[in-house]
Amino acid sequence: MLSGKKILLAITGSIAAYKATFLTRLLIKAGAEVKIILSPSARDFVSPLSLATLSKNPVLWEFFDSEDPEGKWNNHVDLGLWADLMIVAPATANTISKMVYGNCDNLLLAAYLSAKCPVFFAPAMDLDMFKHPSTTENISKLQSFGNFLIPSGTGELASGLHGEGRMAEPDEIFDFIENHLLSNAPLKGKTILINAGPTYEPIDPVRFIGNHSTGKMGVALADVATDLGAKVHLVLGPGSVWPTNAGIEVFHIRTALEMNEKCQSIFKDSDLAILSAAIADYRPENPSDQKIKKDGSGDGLNIQLVENPDILFGLGQQKTEKQLLLGFALETNNGIANAIKKLHKKNCDLIVLNSPSEKGSGFGHDTNEVTLIDKNEKQTKLGLKSKKDIAKEILEYVIENFYN
Ligand code: CTP
């Protein structure tokens with residue numbers, strides 16, 4: 001769940017700050033991108049150098065970088081907007097109180113106030129501070145603002161006393177956040193087959209028939225679906241970009257026949273299949289096992305092609321009532337009419353019309369402009385956006401229209 005997530009880890013001045021180093025390692029190991037900000041007093045407890053090394057990012061604590069000759073400004077708004085989630089761990093009584101009242105006298109608090117993402121906080125303090133009505137009320141207020149409390153544990157405290165107020169252990173914080181994301185994931189429990197990229201149909205050992213697809217759209221769908229809680233099997237053609245989410249099971253194939261075999265075997269256990277791959281419609285009938293030499297006669301070369309299986313059509317025939325099938329249509333002309341024909345012929349629940357001729361759309365671009373067409377031929381046009389945003393909107397459409 002945390003792979004590819006941008007996490008802003010905010011560490012405040014408590015002895016429990018050392019545990020944040022272990023938490024950083026867990027987050028990095030899970031594939032998250034971590035940026036760390038400290039309250040000024042946190043530096044008395046943990047070294048920015050250790051944290052920068054572990055997080056692979058500079059660690060910030062001041063509005064103006066005193067070590068930079070030009071006094072670079074650390075933009076709290078950018079940090080707040082960058083984050084997919086923010087974790088304040090340890091959260092001292094002082095910082096909790098300032099968060100409640102919108103106090104903003106350091107970079108960490110300014111980033112908190114700028115953050116639009118979910119914010120988790122893990123209190124750490126001595127038992128009497130923890131039990132004090134001010135603290136109890138502040139914690140409740142922070143929760144009422146929509147922040148998520150990671151409960152403190154009971155045990156030996158830095159003061160030598162025994163009681164409640166110990167910051168949760170790094171693995172408990174990690175599990176809490178992962179479980180939170182999972183329980184709020186709308187595609188939790190769904191298994192999704194996605195294919196992406198081109199296929200290469202061999203002519204001889206060094207040549208093939210292929211196309212310009214890079215797989216970007218399908219890979220974005222795989223990443224976003226995994227972020228939304230799905231188990232994704234991605235059947236990926238050669239030369240395609242790679243997904244960032246480590247939770248995706250990737251199967252590399254080269255030819256349409258290999259893609260067909262893999263998709264067929266995965267489809268029966270899938271809730272949803274999204275076929276975004278640019279599969280070659282034809283393959284050379286008898287690929288040569290040796291490099292074809294030119295004979296110099298000037299007569300040209302004929303290669304006999306045979307049709308490849310239509311994978312989407314095949315899956316449409318097998319589809320059960322519980323399964324959803326989503327196809328793509330790549331059209332250079334009469335887009336809507338052709339896409340509607342494909343939608344019905346291939347028994348899809350939804351088809352995504354892609355027009356490579358539109359500016360910024362299609363193969364290799366980072367952006368796309370598509371139209372979704374459902375079985376009732378209702379059209380929903382998604383404007384020109386990054387492929388990641390298009391992927392989000394396609395999956396949001398699926399969730400809203402088929403899983404609600
Ligand atoms: N598709 C498939 N198997 C093929 C060809 C296409 O599964 N052999 C799938 C694509 O992944 C896409 C949909 O069918 O989801 C439509 O593909 P597209 O290339 O637009 O159309 P074709 O069906 O190949 O028809 P044409 O090339 O004649 O437009």
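This text goes through helix α11, the ligand beside it, and two loop residues of a predicted model.

Helix α11 covers residues 311–318, and its buried residues are Ile311, Leu312, Gly314, Leu315 and Gly316. These buried residues pack against four elements: the strand β9 (191–196), the helix α10 (256–267), and the strands β14 (272–275) and β17 (324–330). The N-terminal end of α11 is capped by Asp310, which places a side-chain oxygen 3.3 Å from the backbone nitrogen of Leu312.

Leu312 also takes part in the surroundings of the ligand. Of the 14 residues around the ligand, the closest are Leu275, Leu312, Leu330, Lys342 and Lys346. A backbone N or O atom of Leu312 lies 2.7 Å from an oxygen atom of the ligand. Backbone atoms of two further residues make polar contacts of this kind: for Leu275, a backbone N or O atom is 2.7 Å from a ligand oxygen, and for Ala277 the corresponding distance is 2.8 Å. The ligand taken alone exposes 570 Å², of which the protein buries 77%.

The ligand occupies the space of the second largest pocket. Two elements, α11 and β17, each give two or more residues to the shell around the ligand. The largest contribution comes from β17, with four residues. Both elements have already appeared together, as β17 is among the elements against which the buried residues of α11 pack.

The loop between α10 and β14 joins two other packing partners of α11. Ser270 lies in this loop. Is Ser270 buried or exposed? Its relative accessibility is 4%, and because buried means under 20%, Ser270 counts as buried. A polar atom of the Ser270 side chain lies 3.0 Å from the backbone oxygen of Ile266. Beyond its neighbours within four places in sequence, Ser270 is in contact with Thr191, Leu193 and Gln323. Thr191 and Leu193 fall within the residue range of β9 (191–196).

A second loop residue, Ala230, is found between α9 (216–227) and β12 (231–236). Ala230 has a relative accessible area of 7%, so it too is buried. Which residues touch Ala230, leaving aside its neighbours within four places in sequence? They are Leu187, Lys190, Ile192 and Ala225. Ala230 and Pro186 are separated by 44 residues in sequence, while their C-alpha atoms are 8.3 Å apart in space.

Terms used:
Residues are numbered from 1 along each chain as its sequence is written. This is a predicted model: local features need pLDDT of at least 70, side-chain atom pairs count only at pLDDT 80 or more; totals for chains, interfaces and linings use all residues. Side-chain values use heavy atoms; hydrogens and water are left out. Buried means under 20% relative accessible area, exposed over 50%, partly exposed in between (1.4 Å probe, protein chains only). Contact means heavy atoms within 4.5 Å. A polar contact is a pair of N or O atoms within 3.5 Å; within protein, one must be able to donate a hydrogen and the other to accept it, and residues adjacent in sequence count only if both atoms are side-chain atoms. A residue is near a molecule or strand if one of its heavy atoms lies within 4 Å of it. Accessible areas come from the Shrake-Rupley method with a 1.4 Å probe; for residues, only the protein chains shown count as cover. On a 1 Å grid over the protein atoms alone, a cavity is a set of points where a 1.4 Å probe fits but cannot get out, and a pocket is an open set with protein on both sides within 12 Å along at least five of seven lines; lining residues have an atom within 4 Å of a point. A molecule sits in a cavity or pocket if more than half of its atoms lie within 2 Å of its grid points.
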